[in-house]
Amino acid sequence: MSEKANGERNWYVVHTYSGYENKVKTDLEKRIESMEMEDKIFQIVVPMEEVVEYKDGKKKVSKRKVFPGYVMVEMIVTDDSWYVVRNTPGVTGFVSSGVKPIPLEKHEVDLILRQMGMAKTSSAFDKGESVKVISGPFQDFTGTITEVNPDKGKMWVSISMFGRDTPVELDFNQVAKL
């Protein structure tokens, strides 16, 4: 690993002891500050989702870890930044195919952050626009957008099936403009 590994900010996945994700996040934030790595390590996220449960007729909303045993870190990988993260108590290593950590792809990060409500996305799609479904069970169907939800990266598309218009919920990455 070189001092200028790629010089670019990316998101990486760090493996931790299960149940220690929040402790690793806290400890890593303290280490970043004490070792003055704010210019190399930017954000630490424990992916969580809200879960709605109904017990005794009462609605209870709780948070649950999406990927137990993993923490996402936005950083520039250098020997120093790698050392700081790797030697944080509770960290067992980076997700990688060898020594060098593998960054997450942008669309993966966007999806995870969007599901957590941490990222706002701008929509390239507008209500009333015609689109073609390019993946999923409705692939090759065409339809008209009836509703767009950029915060969740989803839209409702009216597709004609068996002579009837049927509303279908799709992700932005499942459709293409006509």
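## Close-up views of a predicted model

**View 1. Tyr-54 sits in strand S3, which covers residues 48–55.** The model shown here and in the views that follow is a predicted one. How open is the side of Tyr-54 to its surroundings, buried or exposed? Tyr-54 has a relative accessibility of 62%, so it counts as exposed; the cut-off for that label is over 50%. Together with Val-52 and Val-61, Tyr-54 makes up a nonpolar surface patch of about 320 Å². A word on confidence goes well with this view: S3 has the lowest mean pLDDT in the chain, at 80.

**View 2. Confidence along the chain has its highest mean in helix H1.** Helix H1, made of residues 21–34, reaches a mean pLDDT of 95. For the chain as a whole the mean is 86, and 92% of the residues reach 70 or more. Residues 1–6 call for some care when you look at them, since their pLDDT stays under 50. For this stretch the model has 14 contacts beyond four places in sequence.

**View 3. A salt bridge joins Glu-21 and Lys-65.** The closest N and O atoms of this pair are 3.4 Å apart. Which parts of the chain does the pair tie together? Glu-21 belongs to helix H1 and Lys-65 to strand S4 (residues 58–65), so the link ties together parts that are 44 residues apart in sequence. The two partners can also be set side by side for their cover: Glu-21 is buried, with a relative accessible area of 1%, whereas Lys-65 is partly exposed, at 24%. The count of salt bridges in this model comes to nine.

**View 4. Arg-64 and Glu-49 meet through their side chains in a salt bridge.** The N to O distance is 2.2 Å. Arg-64 lies in strand S4 and Glu-49 in strand S3, so this pair ties together parts that are 15 residues apart in sequence. Both residues fall in the band between buried and exposed: Arg-64 is partly exposed, with a relative accessible area of 44%, and Glu-49 counts as partly exposed at 28%.

**View 5. Ser-81 is placed in helix H2, residues 79–86.** Is Ser-81 buried or exposed? Its relative accessibility is 0%, so Ser-81 counts as buried. Which residues is Ser-81 in contact with, once neighbours within four places in sequence are left aside? They are Met-37, Lys-40, Ile-41, Met-75 and Ile-76. One of these, Lys-40, also forms a salt bridge with Asp-39, with N to O at 3.8 Å. Asp-39 itself counts as partly exposed, at 47% relative accessibility.

**View 6. Helix H3 (residues 106–115) has a set of buried residues.** These are Val-109, Ile-112, Leu-113 and Arg-114. An α-helix has 3.6 residues a turn, so residues three or four places apart point the same way. What covers the buried residues of H3? The cover includes three strands, namely S1 (10–16), S2 (41–45) and S5 (70–75).

**View 7. Gln-174 lies in the loop between strands S10 (164–171) and S11 (175–177).** Although it is a loop residue, Gln-174 is buried, with a relative accessible area of 16%. The cut-off behind that label is under 20%. A polar atom of the Gln-174 side chain lies 2.9 Å from the backbone nitrogen of Asp-171. Leaving out residues up to four places away in sequence, Gln-174 touches Lys-132, Val-133, Ile-134, Ser-135 and Gly-136.

**View 8. Asp-140 and Phe-162 have positive phi values although neither is a glycine.** For Asp-140, phi is near 75 degrees. Asp-140 is found in the loop between strand S7 (130–133) and strand S8 (142–149), and it is exposed, with a relative accessible area of 56%. For Phe-162, phi is near 55 degrees. Where does Phe-162 lie? Its place is the loop between strand S9 (154–161) and S10. At 82% relative accessibility, Phe-162 counts as exposed.

Note on methods:
Residues are numbered from 1 along each chain as its sequence is written. Side-chain values use heavy atoms; hydrogens and water are left out. Patches are made of residues with over 30% relative accessible area and no salt bridge: like charges are joined within 9 Å, nonpolar side chains (Val, Leu, Ile, Met, Phe, Trp, Tyr) within 5 Å. Accessible areas come from the Shrake-Rupley method with a 1.4 Å probe; for residues, only the protein chains shown count as cover. A salt bridge is a side-chain nitrogen of Lys or Arg within 4 Å of a carboxyl oxygen of Asp or Glu. Helices (H or I, at least four residues) and strands (E, at least two) are DSSP runs, numbered from the N terminus. Buried means under 20% relative accessible area, exposed over 50%, partly exposed in between (1.4 Å probe, protein chains only). pLDDT is the predictor's confidence in each residue, from 0 to 100. Contact means heavy atoms within 4.5 Å. A polar contact is a pair of N or O atoms within 3.5 Å; within protein, one must be able to donate a hydrogen and the other to accept it, and residues adjacent in sequence count only if both atoms are side-chain atoms.
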